[in-house]
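Me: Please take a close look at one part of this structure, namely the place where charged side chains meet aromatic rings, and follow the contacts outward from there. I am in my first year, so please explain each term when it appears.

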Amino acid sequence: QVQLVESGGGLVQAGGSLRLSCAASRSPFSIGVMGWYRQAPGKQRELVAAITNGGSTNYADSVKGRFTISRDNAKNTVSLQMNSLKPEDTAVYYCNAGFLNTLAYPGDYWGQGTQVTVSS
């Protein structure tokens, strides 16, 4: 069973930056897609950004130009650099991973979530 452990959430003022990191462990196979999703109170979980092990990426329109996803395949880690944060970015952010190397849908494994709060 793949385990995903996130770190890096917190409280930041609007316009500030945060970096989220996630490490995958106990994977019996090479990890394919890795990504970040978020869920705000009363809303559905949504894609923030995802990346294949070849480096192809997909971003939500709302974060393009502000967030950057990256990964280290050798270490099975994925990071999300979030700049120019807005109050509407406030949510619980979840790390996601799967064995299939596709951006078409989420992987099967989820982290426990980390809170990001952006104050105005």
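Reply: A good starting point is Arg45, which lies over the face of Trp110, at 4.6 Å from the ring centre. The charged end of Arg45 also sits over the ring of Tyr94, 3.7 Å from its centre. A charge is said to sit over a ring if NZ of Lys or CZ of Arg is within 6 Å of the ring centre and within 35 degrees of the ring normal.

Two remarks on the basis of these values are needed here. This is a predicted model, in which local features need pLDDT of at least 70 and side-chain atom pairs count only at pLDDT 80 or more, while totals for chains, interfaces and linings use all residues. Residues are numbered from 1 along each chain as its sequence is written, and side-chain values use heavy atoms, with hydrogens and water left out.

From Trp110 the description passes to rings that meet other rings. Rings of Phe, Tyr and Trp (for Trp, its six-membered ring) pair if their centres lie within 6.5 Å; planes under 30 degrees apart count as stacked, over 60 as edge-to-face and the rest as tilted. Across the whole structure, a search finds three aromatic pairs. One of them joins Tyr37 and Trp110 in an edge-to-face arrangement, 5.1 Å centre to centre, with 70 degrees between the planes. Because Tyr37 lies in strand β4 and Trp110 in strand β10 (residues 109–110), this pair ties together parts that are 73 residues apart in sequence. Strands (E, at least two residues) and helices (H or I, at least four) are DSSP runs, numbered from the N terminus.

How exposed are these two residues? Tyr37 has a relative accessible area of 11% and is therefore buried, whereas Trp110, at 33%, counts as partly exposed. Buried means under 20% relative accessible area, exposed over 50%, and partly exposed in between (1.4 Å probe, protein chains only).

Phe99 and Tyr109 have ring centres 5.6 Å apart and planes at 70 degrees, so this pair too is edge-to-face. It links Phe99, in the loop between β9 and β10, with Tyr109 in strand β10, 10 residues apart. Phe99 is partly exposed at 28%, and Tyr109 is buried at 16%. Together with Phe29, these two residues form one aromatic cluster.

Strand β4 also leads to a second kind of contact, the salt bridge: a side-chain nitrogen of Lys or Arg within 4 Å of a carboxyl oxygen of Asp or Glu. By this rule the count is four. Arg38 and Asp89 meet in one of them, at 3.0 Å from N to O. Arg38 belongs to strand β4 (residues 34–39) and Asp89 to the loop between β8 (77–82) and β9 (91–97), so that the pair links distant parts of the chain, 51 residues apart. Both residues are buried.

Asp89 has a further partner: its side chain and that of Arg66 meet in a salt bridge at 2.8 Å, N to O. Arg66 lies in the loop between β6 (57–59) and β7 (67–72), 23 residues from Asp89. Asp89 has a relative accessibility of 1%, and Arg66 is buried at 11%.

On its other side, Arg38 forms a salt bridge with Glu46, the closest N and O atoms being 2.8 Å apart. Glu46 is partly exposed at 38%, while Arg38 is buried at 5%. Arg38, Glu46, Arg66 and Asp89 are thus linked in a network of salt bridges.
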